[in-house]
Amino acid sequence: DYENNRVQVFDGCTGAFVKVIGDGVGSGPGQFSQPIDVCIDHDQDFLLVADYSNNRVQVLNKDTGEFVRSVGSSEGVNAFNGPRAVYVNSPSDLLFISDRENHRIQLFNKTTFMLIRHIGFGFGIGPGMFNRPMELCVDNEEGVLIVVDGHNHRVQIMELPELRKEKLRLKHSRQDPNELVKNSAVFPSATAAHALAEAKFV
């Protein structure tokens, strides 16, 4: 509830109002200044809120609304400038936050909340560059991050090495068992495969 500086909770089945989360407008723990996006981490029972004008993402207990911590640096090169969207990707243990006015995506470990790296090549119109990135999501099957690149009026799709492991796992789980047997038959034993591998370097 952006202008009212709060998060409203409704019943997912009936649409009935349940409660309000937030201790009013402000910069203290559990207070908001233009909250603009939310995401739930079901693994840890956290509600993550992009607290836009406070330049932070707040982590709250999803059931009680109690403040747990803030994510991101408050100063320096890693500080947020208008965090616009939050996305939790549980299979890869990653947290993506679009840092709108810094024209980049910040990537965190979703369990430790440690910064991994920045995604994007800065402000601009070229591939991998952003002009106020907004919403984002992940396609685990393709191993890509999908970003609404707001003022460039486009959606960018970016392959990330951090998503490759889950992509390969999903690909393997969908593979026809008969195909797996056929592929394994190329090398009847690990010894034979190893011998052939060594022969390539002779």
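Let's start with what lines the largest pocket: Val7, Gln8, Val9, Phe10, Lys19, Ile21, Val38, Cys39, Ile40, Leu47, Lys62 and Asp63. Please keep in mind that this is a predicted model. The volume of that largest pocket comes out at about 180 Å³.

Which elements give two or more residues to the lining? They are β1, residues 7–10, then β2, residues 17–21, and also β3. The largest share belongs to β1, with four residues.

For those of you thinking about chemistry, here is how the lining divides: eight residues are nonpolar, one is polar and three are charged. Among the residues on the list you can find Lys19, Lys62 and Asp63.

Now, β3 takes us from the pocket to the sheet. We have an open sheet of four strands here, in the order β3-β4-β5-β6, and the pairing is antiparallel. At the edges sit β3, residues 35–41, and β6, residues 67–71, each pairing on one side only. On average, neighbouring strands of this sheet are turned by 25° against each other, with direction ignored. As a quick reminder, strands of a sheet pair through backbone hydrogen bonds, either parallel or antiparallel.

Let me zoom in on one of those pairs. How many bridges join β5 to β6? Four of them do, with β5 covering residues 56–61 and the two strands running antiparallel. If you'd like a spot to look at on screen, try valine 57: it stands opposite valine 71 in β6.

So, two things to take along, friends: a pocket with β1 giving the largest share of its lining, and an open, antiparallel sheet of four strands. Thanks for listening!

Conventions: Residues are numbered from 1 along each chain as its sequence is written. This is a predicted model: local features need pLDDT of at least 70, side-chain atom pairs count only at pLDDT 80 or more; totals for chains, interfaces and linings use all residues. Side-chain values use heavy atoms; hydrogens and water are left out. Two strands pair if DSSP finds at least two bridges between them. Axes are lines fitted to C-alpha atoms, for helices over the stretch in contact, and angles run from 0 to 180 degrees between N-to-C directions. On a 1 Å grid over the protein atoms alone, a cavity is a set of points where a 1.4 Å probe fits but cannot get out, and a pocket is an open set with protein on both sides within 12 Å along at least five of seven lines; lining residues have an atom within 4 Å of a point. Grid points are joined across faces, edges and corners, and a volume is the space filled by probe spheres set on the points. Ala, Val, Leu, Ile, Met, Phe, Trp, Tyr, Cys and Pro count as nonpolar, Asp, Glu, Lys and Arg as charged, and the others, Gly among them, as polar.
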